[in-house]
Amino acid sequence: MPQHCESCRMPLAAGTYCPRCTDDRGLLIPFEALHVELTHRVMVRNEGMSRAEAQEIARQLMAAAPAWTNHPATADPREPRDPR
Ligand SMILES: [Zn+2]
């Protein structure tokens, strides 16, 4: 049964996270670093897409991933969370 990286949802042969989502010690890289990386990947895959569009797609991708579901940065900016 194919597995998926719990950080970026890429297909994975084994383990929890793919090499792109971890540093050389096997630890998950920071949210911002991965968001930049995913934005780049989305733009490469979708020629002509604006950076803002790609950033939004990358954010949604990460919001759906188990590793980031509860990260405040995955919150939809159009639906601000109650600050309390
Ligand atoms: Zn990954």
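How many other C-beta atoms lie within 10 Å of Met10, and is Met10 buried, partly exposed or exposed? The count is 17, so Met10 is partly exposed. The model is predicted. Its chain has 84 residues, and buried residues make up 15% of them. The secondary structure comes to 2 helices and 2 strands. Along the sequence they follow the pattern β-β-α-α.

**Overall layout**

- The strands are β1 (3-4) and β2 (11-12).
- The helices are α1 (31-45) and α2 (51-63).
- Take the contacts between residues at least 6 apart in sequence: 31% of them join residues at least 24 apart.

**The nonpolar core**

- The largest nonpolar core has 10 residues.
- Three cysteines belong to this core: Cys5, Cys8 and Cys21.
- Leu34, Leu38 and Leu61 are also members.
- Ala58, Met62, Ala65 and Trp68 complete the set.
- Both α1 and α2 supply at least two residues each.
- The largest share comes from α2, with 3 residues.

**The loop between β1 and β2**

- Cys8, Arg9 and Met10 are neighbours in sequence, and this loop holds Cys8, Arg9 and Met10.
- Cys8 counts as buried, because it has 21 C-beta neighbours inside 10 Å and the cut-off is 20 or more.
- Cys8 touches Cys18, Arg20 and Cys21, leaving out residues up to four places away in sequence.
- On the same basis, Cys8 also touches Leu34, Leu38, Leu61 and Ala65.
- The C-alpha atoms of Cys8 and Met62 are 5.9 Å apart, although 54 residues separate them along the chain.
- Arg9 is partly exposed, with 16 other C-beta atoms within 10 Å.
- Arg9 is not a glycine, yet its phi is positive, at about 70 degrees.
- For comparison, most residues other than glycine have a negative phi.
- Met10 is in contact with His4, Cys5 and Cys18, leaving aside neighbours within four places in sequence.
- Met10 and Ala65 are 55 residues apart along the chain, and their C-alpha atoms are separated by 10.0 Å.

**Helix α1**

- With 15 residues at 1.5 Å a residue, α1 should span 21 Å.
- The end C-alpha atoms of α1 are 21 Å apart, which agrees.
- Leu34, Leu38 and Thr39 are the buried residues named in α1.
- Seen down the axis of α1, its buried residues fall within an arc of 140 degrees, so they line one face of the helix.
- The general rule behind such a face is that an α-helix has 3.6 residues a turn, so residues three or four places apart point the same way.
- Glu32, Ala33 and Val44 are exposed, on the face of α1 turned away from its buried side.
- The buried residues of α1 pack against α2.

**Helix α2**

- The 13 residues of α2 should span 18 Å at 1.5 Å a residue.
- The ends of α2 match that value: their C-alpha atoms are 18 Å apart.
- Ala58, Arg59, Leu61 and Met62 are the buried residues of α2.
- These buried residues line one face of α2, because they fall within an arc of 160 degrees when seen down its axis.
- Ala52 and Gln60 are exposed on the other side of α2.
- The buried residues of α2 pack against α1.
- Which residues does Ala58 touch, not counting those up to four places away in sequence? They are His35, Leu38, Thr39 and Val42.
- Two of these contacts of Ala58, Leu38 and Thr39, are themselves buried in α1.

**The segment after α2**

- Pro72 is found in this segment.
- Pro72 counts as exposed, because it has 8 C-beta neighbours inside 10 Å and the cut-off is 12 or fewer.
- Pro72 and Phe31 are 41 residues apart in sequence, and 10.0 Å apart in space, C-alpha to C-alpha.

Definitions and conventions: Residues are numbered from 1 along each chain as its sequence is written. This is a predicted model: local features need pLDDT of at least 70, side-chain atom pairs count only at pLDDT 80 or more; totals for chains, interfaces and linings use all residues. A nonpolar core is a set of buried Ala, Val, Leu, Ile, Met, Phe, Trp, Tyr and Cys residues joined through C-beta atoms within 7 Å. Helices (H or I, at least four residues) and strands (E, at least two) are DSSP runs, numbered from the N terminus. Two residues are in contact if their C-beta atoms, placed from the backbone, lie within 7 Å. The expected span of a helix is 1.5 Å times one less than its number of residues. The arc is that of the directions from the helix axis to the C-beta atoms.
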